[in-house]
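The following exercises concern strands, helices and the way they pack. Each task is followed by a solution in steps.

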Amino acid sequence: MRAGPATGEVCPTLAEDLLRGADAIALFVFGDAKERRKVYYYASEAKVRMPTFRMGNVICARKSRLLDWIEQQEAAG
């Protein structure tokens, strides 16, 4: 962990925050790597898109962005 530049809040390093691959994202969000197809669906076809990006041909996401996205979905009801 390191301190943020202006706020002094603790923020994770990029390596701690980064999920590489649909299996890793599915495990983090759904609790099971077998749910990897849902990751592809929510990243590309769903009405409300999951915040993902690609590094080459590998789908990636930040844990912090996924948690924010989930909170927004909860608030939307």
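Two strands pair if DSSP finds at least two bridges between them. Helices (H or I, at least four residues) and strands (E, at least two) are DSSP runs, numbered from the N terminus. The model is predicted, so local features need pLDDT of at least 70 and side-chain atom pairs pLDDT 80 or more, while totals for chains, interfaces and linings use all residues. Residues are numbered from 1 along each chain as its sequence is written, and side-chain values use heavy atoms, without hydrogens and water.

**Exercise 1.** Determine the order of the strands in the open sheet, and state which strands stand at its edges.

*Solution.* Begin with one pair: β3 and β5 (residues 58–62) are joined in the antiparallel sense by three bridges. Within this pairing, R20 is opposite C60 of β5. Next, place the three strands in the order β3-β5-β4, with antiparallel pairing. β3 (18–20) and β4 (53–55) each have a single partner strand, so they stand at the edges and one side of each lacks a neighbour in the sheet.

**Exercise 2.** Describe how α2 packs against α4.

*Solution.* First, take the geometry: helix α2 (residues 22–30) and α4 pack at about 45 degrees, with axes 11 Å apart. Axes are lines fitted to C-alpha atoms, for helices over the stretch in contact, and angles run from 0 to 180 degrees between N-to-C directions. α2 is therefore oblique to α4, since angles under 35 degrees count as roughly parallel, over 145 as roughly antiparallel, 65 to 115 as roughly perpendicular and the rest as oblique. Then list the residues: I25, F28 and V29 of α2 meet K63, L66 and L67 of α4, where contact means heavy atoms within 4.5 Å.
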